[in-house]
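Visitor: I'm new to this one and would like a close look at a single part. Could you walk me through how the charged side chains pair up, and what sits around them?

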Amino acid sequence: MKQTAERDILGNLAPEFARLNNDVLFGVVWSREDKLSLRDRSMITISVLMAQGLFPQLKSHIKLGMKHGITKEEMVEMVTQLAFYTGWAKSWSTFPIIDEIYNSKE
């Protein structure tokens, strides 16, 4: 599965950024599955976005992580561990996102 981002989100405002996002980040970096699986890349990306408190992007990547096979239980465990490294409040802010995403699919 080739990972892509929706080019139309920024395509009109920043077409070159949208192209780089799709063609380089998702088209080249995310497609190197012989180096890291999509699941592993999702776990890394979710961790970094949570650490930075970038919750709109985090929500998108939690959805993507679910598609890449990260279970709800694994996601909760990841965020529990990250609480001690990224900040307790960031975990509190992430758990409702997990709940919303995984319960909407169940």
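Guide: Here is a walk through the salt bridges, with a stop at a charged residue that has none and a look at the core. Keep in mind that this is a predicted model.

Let's begin with the general idea: side chains of opposite charge can pair when their charged atoms come close. The structure holds 5 salt bridges, and I'll take you through some of them.

Start in helix 1, which covers residues 15-29. Here Glu-16, Arg-19 and Asp-23 are linked in a network of salt bridges. Arg-19 pairs with Glu-16, with N and O 2.7 Å apart. Those two residues sit 3 places apart in the helix, about one turn. Arg-19 also meets Asp-23, this time at 3.9 Å from N to O. That still makes a salt bridge because the cut-off is 4 Å. Asp-23 and Arg-19 are 4 residues apart, again about one turn of helix 1.

How open are these side chains? Arg-19 has 31% relative accessibility, so it counts as partly exposed. Glu-16 is partly exposed too, at 43%, and so is Asp-23, at 32%.

Now for a pair with a longer reach along the chain. Lys-59 forms a salt bridge with Glu-100, and their closest N and O atoms are 2.7 Å apart. This pair links distant parts of the chain: Lys-59 belongs to helix 3 and Glu-100 to helix 5, with their positions 41 residues apart. Lys-59 is partly exposed at 27%, and Glu-100 is partly exposed at 43%.

Next, the charged residue that has no such partner. Arg-41, in helix 2, is buried yet has no salt bridge. The nearest side chain of opposite charge is Asp-34, 6.3 Å away. A salt bridge needs 4 Å or less, so this pair doesn't make one. Leaving aside neighbours within four places in sequence, Arg-41 is in contact with Val-29, Trp-30, Arg-32, Lys-35 and Leu-36.

Last stop: the largest nonpolar core, which has 14 residues. Ile-46, Leu-58, Ile-62, Met-75, Ile-98 and Tyr-102 are the ones that touch the most other members. Helices 2, 3, 4 and 5 each supply at least two residues of this core. Take Ile-62 as an example: beyond its neighbours within four places in sequence, Ile-62 is in contact with Ile-46, Met-75, Thr-94, Ile-97, Ile-98, Ile-101 and Tyr-102.

Methods: Residues numbered from 1 in each chain as written. Predicted model: local features only at pLDDT ≥ 70, side-chain atom pairs only at ≥ 80, totals over all residues. Heavy atoms only, no water. Core = buried A, V, L, I, M, F, W, Y, C linked by side-chain atoms within 4.5 Å. Buried < 20%, exposed > 50% of the residue type's maximum accessible area, 1.4 Å probe, protein only. Contact = heavy atoms within 4.5 Å. Lys, Arg positive; Asp, Glu negative; His and termini not counted.
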